Amino acid sequence: MSPARNYRIIYTSFFIGLICAIFPLPIILNAFRPEWMILIIFYWVLALPQRVSIVHAFVLGLLQDLLLGSTLGTHALIFSILAYVVSINYQRIRHFTLVQTTLLVGVFVLVSKLSLYLLASSLQDIVLHRDYFWAIFTSMLIWPWFFLFMRFIRIYFKVV
Amino acid sequence: MKTIFTRGPSFLLRLSIVIALSLILFLADSQFNLFTSVRIYLNSLVSPVQYAADAPQKLFSALSENLVTRQALKARNQQLEKDNLLLKADRLLLTQLQHENNQLRELLNSQRIFTNKRMIAEVMRLESDPFTQQLLIDKGALDGVYLGQPVINEQGVVGQVSQVGSTTSRVLLIVDASHGIPVRVQRNDITAIVHGSGAWNKLNVPFVQSNADLKEGDLLVTSGLGGRFPAGYPVATVTHFDYLEGALYADVTATPVALLDRSRYLLLLWNDGRIKESDLSLDSLESDDVTSP
């Protein structure tokens, strides 16, 4: 198994995740968009912490910043802290049940949303809508299916 | 073959380096604007992702444009021809008026240059940062787009270009909380500045004297004072004017004229008049006239 092939699968999933993060949705559904990049980073760091870790999360965060047009470094900071927390605790988290990891995803998304808000509000006045937090619930809702799907992909393509 | 001991520097070291890097980036971008020139390359780096995400939408709209009945096409064509006729008839008068205006301005010795160069850009409806009001358009530095370029649609001013990539750029809308635009009231030429509020259809007009002659429904047009926006384009209508007894400034809010969240095509303007208008040769001509006799 060459490492290049492993990375090809992983990077393809990153690419699709970035597309999902900016994909145009109807205005009604837009607030319910799950935080795809957090889910993907969480999954890969949990599954392969020796391959995907802080530096990957940092670069993905930078790309997300560029794609969304936000101030450089905001998503990069949050994603890399998330990757750090997961990569020092991955052995413990792996023994969690699916319900527990779902709750953990909810906490991660909540913390990241709050810190994004704090970082942005340090620069300018912001009107915060209640819709902003719907993404936490959709992310939690989608996580179990996403997790099983990604595990299937990882085992099918033998990514190690 | 998973070990606790990974190769390379420890997680904590990597984390601290990465946190320091992101904080430096954050400060450099927000406080010192160090990335305005590098942004072209950075935005070009991610534009393939943006075009990929925009492709299904584009395909769908192309399909729905192709799948139209002959009847509908005919009706639309007729409607457009009618519109065209009316617009052309208006234009006949407009050239006459323009000519007259030029003559009058020549008499007053103050010429005004209208910008002619413009370009149509299509909005890419992609998700952007939830805390800023901005749009992504499909034109970039390769098409001649520059930083701070005014952007309008057929209704009024939309915003200005805030980031340029080689094939995409970002338009900061007038309702963004960091955006301000110098305006004047069309009815009586009071000048003011319109600030964005961060909400989609509300603008603030701060520092208006509480005894100013302003009322609800007044149209605010660009004054051209900042030199960035050409003068005369409609920006907003005043929706609320109120003041407290004894307060220095009135509480004024306005709503943008252009439907910012619904426009699909935008117009980029080239503000050529910027240099010519600040040219003082006309004034010196006048002063020559005064001294020569």
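Let's start with chain B, which holds five helices and twelve strands. Keep in mind as you look around that this is a predicted model. Of the 293 residues in chain B, 29% are buried. Among the contacts in this chain with a separation of 6 or more, 59% are between residues 24 or more positions apart.

Now find the barrel. Six strands of chain B close into it in the order β1-β2-β5-β4-β3-β12, and their pairing is antiparallel. On average, neighbouring strands of this sheet are turned by 45 degrees against each other, direction ignored. Helix α2 of chain B, residues 39-66, packs on the sheet and touches β1, β2 and β4 of chain B. The direction of this helix makes about 115 degrees with that of β4(B). As a piece of background, strands of a sheet pair through backbone hydrogen bonds, either parallel or antiparallel.

Strand β4 of chain B is a good place to pause. How many of the residues in this strand, 157-164, are buried? The count is eight of eight, and the strand is mostly covered. On one side, β4(B) pairs with strand β3 of chain B (residues 150-152) in the antiparallel sense over three bridges. These two strands form a hairpin, with four residues between them. You can spot the pairing at B:Ile152, which stands opposite B:Val157 in β4(B).

β4(B) has another partner too: five bridges join it to strand β5 of chain B, residues 169-173, and the two run antiparallel. For an example, look at B:Gly159, whose bridge partner in β5(B) is B:Leu173. Here again there is a hairpin, which joins β4(B) to β5(B) through four residues.

Going back to β3(B), follow the sheet to strand β12 of chain B (residues 265-269), joined to β3(B) by two bridges and running antiparallel to it. B:Ile152, which we met opposite B:Val157, also stands opposite B:Leu267 in β12(B).

Next, turn to helix α3 of chain B, which covers residues 70-108. Is this helix covered, or does it lie in the open? Of its 39 residues, the number buried is zero, so α3(B) lies largely in the open. You can also check its length: at 1.5 Å a residue the helix should span 57 Å, and its end C-alpha atoms are 55 Å apart, which agrees. Just after α3(B) comes B:Asn109, whose phi is positive, near 60 degrees.

Let's bring in chain A. The contact between the chains takes 34 residues from chain A and 38 residues from chain B. On the side of chain A that touches chain B, the elements giving two or more residues are α1 (3-22), α4 (54-68) and α5 (74-93) of chain A. By class, that side of chain A has 23 nonpolar, nine polar and two charged residues.

Finally, look at the interior. In soluble globular proteins, nonpolar side chains tend to be buried together. The largest nonpolar core here has 95 residues, and those with the most contacts inside it are A:Ile41, A:Phe42, A:Phe79, A:Leu82, B:Val158, B:Val194 and B:Val235. Helix α3 of chain A, residues 36-47, gives the most to this core, with eleven residues. To see one neighbourhood up close, select A:Leu82: leaving aside residues up to four places away in sequence, A:Leu82 touches A:Ile38, A:Ile41, A:Phe42, A:Ala57, A:Phe108 and A:Ser112.

Definitions and conventions:
Residues are numbered from 1 along each chain as its sequence is written. Chains are lettered from A and ligands numbered from 1 in the order in which they are written. This is a predicted model: local features need pLDDT of at least 70, side-chain atom pairs count only at pLDDT 80 or more; totals for chains, interfaces and linings use all residues. A nonpolar core is a set of buried Ala, Val, Leu, Ile, Met, Phe, Trp, Tyr and Cys residues joined through C-beta atoms within 7 Å. A residue is buried if 20 or more other C-beta atoms lie within 10 Å of its own, exposed if 12 or fewer, and partly exposed in between; C-beta atoms are placed from the backbone. Two residues are in contact if their C-beta atoms, placed from the backbone, lie within 7 Å. Two strands pair if DSSP finds at least two bridges between them. Axes are lines fitted to C-alpha atoms, for helices over the stretch in contact, and angles run from 0 to 180 degrees between N-to-C directions. The expected span of a helix is 1.5 Å times one less than its number of residues. Ala, Val, Leu, Ile, Met, Phe, Trp, Tyr, Cys and Pro count as nonpolar, Asp, Glu, Lys and Arg as charged, and the others, Gly among them, as polar.
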